[in-house]
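Colleague: I have a few questions about how this model is described. Can you take me through the terms one by one?

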Amino acid sequence: MEIRDVQFIRGVTGSEGLPEVDRPTVAFFGRSNVGKSSVINALVRRKDMARSSSRPGRTTEVNYFSVNDSWYLADTPGYGYARLSKVFMEKIAKHLSWYAGAPEVTLRLAVVVIDAEIGLQDADRETIAVLQDAGRTVLILGNKSDKGRRNDISNHIREAEREFPDCRVIRYSAKTGEGRSDLLGAISDVIG
Ligand SMILES: Nc1nc2c(ncn2[C@@H]2O[C@H](COP(=O)(O)OP(=O)(O)OP(=O)(O)O)[C@@H](O)[C@H]2O)c(=O)[nH]1
Ligand SMILES: [Mg+2]
């Protein structure tokens, strides 16, 4: 699949904000600062499509993009950022569990971005469980594979595969482009 065209639609906070036209959606989940927006920018080869920032946790919206006029890409708010207020974190958690489970969300693939340098965290495990309980297909993306020790990265990828045998795990780097074609292939498979 070639990505020809990407357009921002809007930030979604509830069912009424979802796009009017039903199309398959691929959504990206992950702890704050794990690199969701960078992963998306690298995937669509736009420098600043999804806003990436070093100041995590300012929105609870799910940002929708239309790709090639045929599927939606969604960037969800980061979870598990310790420095945010408890109230704000709970708001994000509530919104994410609505989004994960809502039947009107045409979610074909949930990409859970983890930090390959540190491996799965409890907040990631909880998110994967919520998505799987809702019957969603989960792909684990081990981002930042360019950082740290190669051995640690490989171990963390293998651990994720062992812990979630139903999930495909892809090693990825938003910085070097590693894993981009694998991710594109996995997306092509689900959007049909
Ligand atoms: N070395 C390296 N750094 C990365 C990679 N991906 C993201 N980063 C850096 O990680 C930081 C966070 O990236 P973002 O894309 O803003 O992360 P996010 O998950 O969208 O953050 P929130 O939207 O705030 O939850 C930035 O400083 C990025 O440059 C990667 O693959 N390798
Ligand atoms: Mg982001």
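Modeller: Start with helix H2 (residues 86-101), which lies across E1, E2, strand E3 (62-67), strand E4 (71-75) and E5, and runs at about 150° to E2. The model is predicted: local features need pLDDT of at least 70, side-chain atom pairs count only at pLDDT 80 or more, and totals for chains, interfaces and linings use all residues. Residues are numbered from 1 along each chain as its sequence is written, chains are lettered from A and ligands numbered from 1 in the order in which they are written, and side-chain values use heavy atoms, with hydrogens and water left out.

Colleague: What makes H2 a helix and E2 a strand, and what does the angle of about 150° to E2 refer to?

Modeller: Helices (H or I, at least four residues) and strands (E, at least two) are DSSP runs, numbered from the N terminus. Axes are lines fitted to C-alpha atoms, for helices over the stretch in contact (heavy atoms within 4.5 Å). Angles run from 0 to 180 degrees between N-to-C directions.

Colleague: Which other helix packs on the sheet?

Modeller: Helix H5 (residues 180-191) does, touching E2, E4, E5, strand E6 (138-143) and E7. The direction of H5 makes about 160° with that of E5.

Colleague: How do you know that E2 and E5 pair, and which way do they run?

Modeller: Pairing takes at least two bridges found by DSSP between two strands. Strand E2 (residues 25-30) and strand E5 (residues 107-115) are joined by 6 bridges, so they pair. They run parallel. One of the links has Thr25 with Leu107 in E5 as its bridge partner.

Colleague: What is the strand order in the sheet?

Modeller: The order is E1-E3-E4-E2-E5-E6-E7, an open sheet of 7 strands with mixed pairing.

Colleague: Why are E1 and E7 said to stand at the edges?

Modeller: Strand E1 (6-12) and strand E7 (168-171) each have a single partner strand, so one side of each lacks a neighbour in the sheet. Neighbouring strands are turned by 25° against each other on average, direction ignored.

Colleague: How do you know that the protein agrees with a compact globule?

Modeller: The rule is 2.2 Å times the number of residues to the power 0.38, with the radius of gyration taken over C-alpha atoms. For 192 residues that gives a radius near 16 Å; the protein has 15 Å, so it agrees.
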